[in-house]
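Please open the structure in your viewer and keep the sequence panel beside it. The stops below say what to select next and what to look for there.

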Amino acid sequence: MIIGEQKPLEDIISMVESEGGGRVLVVGCRSCVAVCLAGGEEEVAELSDSLEQHSDSKDLGWGVSKVTLQRQCEKDFDRSIADLVEQSDVIVSLGCGVGAQVMSEVYPERVVIPAIDTSAMGSPEGKGRWKERCSGCGDCTVHLSGGICPVARCSKMLQNGPCGGSQGGKCEVSPDRDCAWQLIYDQMRRKGRLDLLEVVLGPKDWSKARDGGTRIVVKDRRRK
Ligand code: SF4
Ligand code: SF4
């Protein structure tokens, strides 16, 4: 899932003010950002109330409406709220960065304010806690590292073993982060595949990573 956090309220208010306020439509998403408690129905309601309260306290006259889509990253869902968008001046997106962009593309005549900072692809790790697990490198090799991604989880993205700075199983970058290569070693030992760690991997194929520009994935459904 995509992980994101809502921006501080004062930042969102400041962005809405800089666009002149008016009729504000807060748009949430029921998918990833709802799971990470950033942009689902509840957060949409809270943010809408906060914007209304701000408007009332400053006598700004904003009209705030709200809606939560199944997936803000899909144009068809975005198009389904054309009537609401027609009656708005500014859209505040509580979708991830993808949702905000697609919304902006579907409604080019509207400013779409991104109210969420999107950070990573990861998994829920207990109540109110999510962990990054994948950086979308386009060349997945986690079968060679015990199912633990060294791109996303090693601070230096090392592919062939640890840097040597690990202390007590923690990364030298921060004592509150596990050393990915310690986790990889422990996992490989459990799997009885420490032999794999002796294989020196050649240069990773970074051409599929995002450094080459926007990636486009095309699914060919024809049977070969
Ligand atoms: S190797 Fe690449 S695709 Fe696989 S989990 Fe890591 S970043 Fe994601
Ligand atoms: S201490 Fe471990 S996780 Fe941190 S940079 Fe070195 S190998 Fe990577």
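**First stop: A115 and its contacts**

Select A115 and, beyond its neighbours within four places in sequence, show the residues in contact with it, which are Q6, K7, I12, L47, V92, S93 and L94. The model you are looking at is a predicted one, and A115 belongs to the loop between β5 and β6 (116-124). Is A115 buried or exposed? Within 10 Å there are 30 other C-beta atoms, and a residue counts as buried from 20 upwards, so A115 is buried. Now add L47 to the selection and draw a distance between the two C-alpha atoms: A115 and L47 are 68 residues apart along the chain, yet these atoms are separated by 9.6 Å.

**Second stop: helix α6**

Move next to helix α6, which covers residues 97-106, and colour its buried residues G99, A100, V102 and M103. Because they cover an arc of only 165° around the axis, these residues lie on the same side of α6. An α-helix has 3.6 residues a turn, so residues three or four places apart point the same way. What do the buried residues of α6 pack against? Selecting β2 (23-29), α4 (75-79), β4 (90-93) and β5 (111-114) will bring up the elements that they meet.

**Third stop: two residues with positive phi**

Most residues other than glycine have a negative phi. Select L37, a residue other than glycine, whose phi is nevertheless positive, near 55°; L37 sits in the loop between α2 (32-35) and α3 (41-58). With 16 other C-beta atoms within 10 Å, L37 is partly exposed.

Then go to D59, which is not a glycine either and has a positive phi of about 55°. The loop that holds D59 runs between α3 and β3 (63-69). How many C-beta neighbours does D59 have inside 10 Å? The number is 6, and a residue with 12 or fewer is classed as exposed, so D59 counts as exposed.

**Fourth stop: the two ligands**

Select ligand 1 and display the residues that surround it, namely C134, S135, G136, C137, C140, T141, V142, C149, V151 and A152. Coloured by class, this shell shows 7 nonpolar and 3 polar residues, with no charged residues.

Continue to ligand 2, which has 14 residues around it, and pick out C154, P162, C163, C171 and C179, the ones that come nearest. The shell around ligand 2 divides into 9 nonpolar, 3 polar and 2 charged residues.

**Last stop: the whole chain**

Zoom out and colour the protein chain by domain, with domain 1 at 2-119 and domain 2 at 136-212. Where the C-alpha centres of the two domains are marked, they lie 37 Å apart. In a view of secondary structure, the protein chain shows 8 helices and 9 strands.

Turning the C-alpha trace along its principal axes, you will find that it spans about 65 × 50 × 25 Å. The radius of gyration of the protein chain is 22 Å, whereas a compact globule of 224 residues would have one near 17 Å. Of these 224 residues, 30% count as buried. Finally, among the contacts in the protein chain with a separation of 6 or more, 57% are accounted for by residues 24 or more positions apart.

Technical notes:
Residues are numbered from 1 along each chain as its sequence is written. Chains are lettered from A and ligands numbered from 1 in the order in which they are written. This is a predicted model: local features need pLDDT of at least 70, side-chain atom pairs count only at pLDDT 80 or more; totals for chains, interfaces and linings use all residues. Helices (H or I, at least four residues) and strands (E, at least two) are DSSP runs, numbered from the N terminus. The radius of gyration is taken over C-alpha atoms; the globule rule is 2.2 Å times the number of residues to the power 0.38. Two residues are in contact if their C-beta atoms, placed from the backbone, lie within 7 Å. Domain bounds come from an automatic or database domain assignment. A residue is near a molecule or strand if its C-beta atom, placed from the backbone, lies within 6 Å of it. Ala, Val, Leu, Ile, Met, Phe, Trp, Tyr, Cys and Pro count as nonpolar, Asp, Glu, Lys and Arg as charged, and the others, Gly among them, as polar. The arc is that of the directions from the helix axis to the C-beta atoms.
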